[in-house]
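Dear colleague,

Please find below the structure that I am handing over to you. My notes on what was found in it follow directly after.

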Amino acid sequence: MQVRGLRAALNAQKKYRFKEPEGAVDHLVVGGGVVGLAIARHLGRRFPEKSTYLVERHHIAGEETSSRNSEVIHAGLYYPPDSLKTRLCLRGRALLYEHCQTHAIPHRKTGKLVVAREEQRPYIQSLHAKAQNLRWPKHSPPSPPDTPACPTKLISGDEARELEPELHKNIVAALWSPETGIVDSHTLMESLEKDIADAENSELVYSTRVVRVDPSRDGPGWVVQLVTGDAEDGDALLARSVINCAGLTAPLILNAILPEEQRIPMYFARGSYASYRGPGIKRVSHLIYPCPAVGKDSHAFHSLGTHLTLDLQGKIRFGPDLDWLSPAEGEEDADFWQKHLVPTDSRLGLMYDAVKEYLPDVVPEGFQPDYCGIRPKLVGPGAGFQDFVFRRDYANGEKEGELISLLGIESPGLTSSLAIAEYVVDDMMGAGHA
């Protein structure tokens with residue numbers, strides 16, 4: 001389950017000899033998912049006189065986690081109050097809705113119901129109590145004193161069925177979250193790409209991967225070797241700052257510069273989604289989340305449960321579940337997870353059993369495999385909550401030439417993306433670039 005080795009990937013840079021850099025850039029962003037794009041965009045705006053270079057190994061942006069998720073704008077309900085996930089989700093939600101409005105990005109504030117049976121009532125009551133105590137995080141504009149950061153309302157089962165008539169009669173209460181929504185993540189990423197392309201000193205480069213990273217031998221910074229396409233050899237670039245937003249492969253880039261005993265363990269978790277067409281979902285217009293799964297099947301599903309989401313065209317889907325992945329014996333390909341992206345019907349029965357607990361009229365034959373996504377994990381099953389990690393390393397141990405690695409950026413990464421950019425650029429890098 002834990003991916004420690006992948007020795008071929010970790011030692012791949014030995015294949016490439018050190019090269020003297022042929023050019024220099026102030027900021028090198030590695031990874032063109034939604035978070036990398038947001039950071040490159042913010043760098044170009046915060047430091048317009050400095051050069052920003054984003055490299056993405058795929059031929060288009062967001063080919064991995066960013067395009068294989070629920071596309072939900074999360075309200076900020078679920079995580080510890082002072083965690084980065086909560087603070088960045090709250091701030092990111094506000095920034096994302098504003099960005100969607102100003103850039104004409106398709107989105108909808110659908111609202112969400114967290115539904116509960118009688119024995120689950122304490123869970124939604126605790127969520128509500130926590131939400132009432134959340135405060136707007138750093139960088140948030142001044143708000144009226146009576147404006148909650150995460151508004152919620154406890155409602156009865158009958159009130160919930162007024163919103164969603166198909167809900168099970170054993171649903172006795174629900175938590176209403178009006179700030180939850182959905183977004184077209186592809187159009188969002190296209191808007192970020194355009195802003196980067198329009199910036200005077202920023203550049204996007206696709207089909208280009210990092211194959212070697214070394215501390216610079218002449219001054220602060222990192223010598224990064226890049227290979228484009230199927231080329232056997234590449235070019236070296238001096239990057240005064242590197243922001244590692246490589247998502248699923250971010251630990252590999254960091255581990256390549258660390259001694260073996262300090263390397264970051266890696267875990268990969270597949271989440272599968274099922275589409276649904278059939279009875280039991282008539283006129284659904286809100287997201288519906290159950291309380292967390294318990295009992296014999298709790299290992300199969302993430303803590304948010306097998307929930308109902310819809311896209312902007314009204315298509316209903318259920319998921320994701322949680323399936324821990326490991327490379328096969330002797331397998332050392334860092335991208336072994338790609339062969340697990342083909343959805344199958346092997347888990348549809350579990351999904352149906354979970355969904356009928358709150359939507360009793362759904363039928364098994366209505367479920368069809370839809371798509372899968374892979375989540376970058378820093379801890380394995382049973383380890384409990386893991387926050388986002390923003391790690392800073394310096395070339396040659398000096399306090400210059402920083403390498404900032406973003407690790408474990410899973411949900412609510414999409415919602416938090418613009419706030420993550422603000423945090424990395426303004427809070428982590430701002431003082432050193434003033």
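I begin with one residue, Thr86, which is found in helix α3. Please keep in mind throughout that this is a predicted model. Thr86 has a relative accessibility of 0%, and because buried means under 20%, Thr86 counts as buried. Leaving aside residues up to four places away in sequence, Thr86 touches Gly76, Tyr79, Pro80, Pro81 and Leu134.

The helix around Thr86 deserves a description of its own. Helix α3 covers residues 84–102, which makes 19 residues. At 1.5 Å a residue, α3 should span 27 Å, and its end C-alpha atoms are 26 Å apart, so the expected and the computed values agree. Burial is not limited to Thr86: 14 of the 19 residues of α3 are buried, and the helix is thus described as mostly covered. After α3 comes Ala104, with a positive phi near 55 degrees.

Which helix does α3 cross at roughly 100 degrees? The partner is α9, residues 413–428, and the two axes come within 6 Å. The crossing angle makes α3 roughly perpendicular to α9. On the α3 side, the residues that meet α9 include Leu84, Leu88, Arg91, Leu95 and His99. On the α9 side, Leu414, Leu418, Ile420 and Tyr423 are among those that take part. By class, the contact has 10 nonpolar, 4 polar and 4 charged residues. A general point may help you when you look at this contact. An α-helix has 3.6 residues a turn, so residues three or four places apart point the same way.

I turn next to the salt bridges. The count for the model comes to 28. Three pairs and one network may serve as examples.

In one pair, Asp233 forms a salt bridge with Lys19, and the closest N and O atoms are 3.0 Å apart. Asp233 lies in the loop between β12 (222–228) and β13 (235–244), while Lys19 lies in the loop between α1 (7–10) and β2 (23–30), so this pair ties together parts that are 214 residues apart in sequence. Asp233 is partly exposed, at 45% relative accessibility. Lys19 also counts as partly exposed, at 22%.

Another pair joins Glu64 and Arg57, with the closest N and O atoms 2.7 Å apart. Is each partner buried or partly exposed? Glu64 counts as buried, at 12% relative accessibility, whereas Arg57 is partly exposed, with a relative accessible area of 29%.

A further pair is formed by Arg212 and Asp214, whose closest N and O atoms are 2.6 Å apart. Here Arg212 is buried, with a relative accessible area of 15%, and Asp214 counts as buried at 12%.

Salt bridges also link residues in a network, which consists of Asp311, Lys315, Arg317 and Asp370.

Finally, some details of the backbone should be pointed out. As background, most residues other than glycine have a negative phi, and most peptide bonds are trans. The following places depart from that pattern.

Two peptide bonds that lead into a proline may be inspected in turn. The bond from Gly319 to Pro320 is cis, with omega near -5 degrees. Pro320 lies in the loop between β17 (316–319) and β18 (323–325). A cis peptide bond also joins Ser411 and Pro412, where omega is about 10 degrees. Pro412 has its place in the loop between β21 (402–407) and α9, the helix whose axis crosses that of α3.

As for phi, His139 has a positive value of about 80 degrees although it is not a glycine. His139 is found in the loop between α4 (121–132) and β7 (153–156). With a relative accessible area of 31%, His139 is partly exposed. Ser207, likewise not a glycine, has a positive phi of about 55 degrees. The loop that holds Ser207 lies between β10 (202–205) and β11 (208–215), and Ser207 counts as partly exposed, at 27% relative accessibility.

When you open the model, I suggest that you start again from Thr86 in α3, continue to the contact of α3 with α9, and then look at the salt bridge between Asp233 and Lys19.

Yours sincerely

Definitions and conventions: Residues numbered from 1 in each chain as written. Predicted model: local features only at pLDDT ≥ 70, side-chain atom pairs only at ≥ 80, totals over all residues. Heavy atoms only, no water. Salt bridge = Lys/Arg side-chain N within 4 Å of Asp/Glu carboxyl O. Helix = DSSP H or I, 4+ residues; strand = E, 2+ residues; numbered from the N terminus. Buried < 20%, exposed > 50% of the residue type's maximum accessible area, 1.4 Å probe, protein only. Expected span 1.5 Å × (residues − 1). Axes fitted to C-alpha atoms, helices over the stretch in contact; angles between N-to-C directions. Parallel < 35°, antiparallel > 145°, perpendicular 65-115°, else oblique. Contact = heavy atoms within 4.5 Å. Nonpolar A, V, L, I, M, F, W, Y, C, P; charged D, E, K, R; others polar.
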